[in-house]
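User: Please examine the structure below with me. I should like to ask on what grounds its features receive their names.

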Amino acid sequence: MKYLAAVAVILIIWLAGLLAFADRIEMMTPAADPGRADGIVVLTGASDARINEALRLLAAGRGERLLVSGVNRQVQRRELREVTAGSNRLFDCCVDLGFEAEDTVGNAQEIAAWSEAKGYDSLIVVTSDYHMPRSMLEIRGMMRGAELVPYPVVTPSLNADSWWRTGAGQRRMVVEYSKYLAVLVREALARVLRPSAEPDGAAEAEPSERAADA
């Protein structure tokens with residue numbers, strides 16, 4: 001009985017978390033004006049809506065350059081430009097394509113490397129609403145000192161306010177919430193296991209402090 005009670009409590013907590021996660025997704029859109037950042041990054045997906053929103057932000061001067069992360073290796077730059085909205089001149093001058101990422105972890109690595117190469121300290125992150133919480137966790141894990149501004153894009157096929165009404169909506173929300181929890185636990189464990197670094201100069205200052213106390 002104690003085992004069943006424990007399982008029931010865990011399920012209730014998990015379900016409560018799922019509902020809170022779904023409510024968070026619903027409240028994310030429409031996204032507020034993100035202001036100005038050094039650069040803009042967009043994580044690719046099944047729809048071009050993410051890229052088009054990122055290009056719109058670039059055209060509005062919200063960032064210096066745009067990285068499209070996770071582009072299919074088979075897609076040519078010309079092909080991607082033809083299926084997206086916006087100025088060809090802007091696309092040619094200020095859009096970088098990343099072909100290495102195959103998942104969200106890869107996106108985070110690709111974004112971190114691009115940001116470091118460009119010397120960017122602040123980024124606007126564009127991806128789908130349901131994908132944003134996990135994306136931000138992964139990118140923050142790679143770029144702890146950077147300023148990250150989320151810009152979620154609504155997912156019409158998800159219906160975040162009534163995701164539970166369809167099997168597809170239930171699957172997407174449950175799978176994404178489960179992935180989010182896995183990353184959350186992984187990052188929490190990493191913080192616990194990671195040795196805390198002493199502030200620079202702490203070791204040298206300690207003898208002086210002792211001498212002063214003496």
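User: What makes the strands of this predicted model an open sheet, and in which order do the strands lie?

Analyst: The order is β3-β2-β1-β4-β5, five strands with parallel pairing. At the edges stand β3 (95–98) and β5 (147–153), each of which pairs on one side only. On average, neighbouring strands of the sheet are turned by 20° against each other, direction ignored.

User: How do you know that β2 and β3 are paired?

Analyst: Pairing requires at least two bridges between two strands. Strand β2 (residues 65–69) is joined to β3 by four bridges, so the criterion of at least two is met. The two strands run parallel. One of the partnerships links Ser 69 with Gly 98 in β3.

User: Why is Val 192 called exposed?

Analyst: A residue is exposed when its relative accessible area is over 50%. Val 192 has 66% and is therefore classed as exposed. Val 192 is located in helix α7 (residues 167–193).

User: Which residues make the nonpolar surface patch, and what must the relative accessible area of patch residues be?

Analyst: The patch consists of Val 185, Leu 189, Val 192 and Leu 193, and covers about 440 Å². Patch residues need over 30% relative accessible area; Val 192, at 66%, therefore satisfies that requirement.

User: What is the form of the peptide bond from Thr 29 to Pro 30?

Analyst: The bond is cis, its omega being near 0°. Most peptide bonds are trans. Pro 30 belongs to the loop between α1 (2–28) and β1 (39–43).

Notes:
Residues numbered from 1 in each chain as written. Predicted model: local features only at pLDDT ≥ 70, side-chain atom pairs only at ≥ 80, totals over all residues. Heavy atoms only, no water. Axes fitted to C-alpha atoms, helices over the stretch in contact; angles between N-to-C directions. Patch = residues over 30% accessible without salt bridge, like charges linked within 9 Å, V, L, I, M, F, W, Y side chains within 5 Å. Areas by Shrake-Rupley, 256 points an atom, 1.4 Å probe, with all protein chains shown as cover. Salt bridge = Lys/Arg side-chain N within 4 Å of Asp/Glu carboxyl O. Buried < 20%, exposed > 50% of the residue type's maximum accessible area, 1.4 Å probe, protein only.
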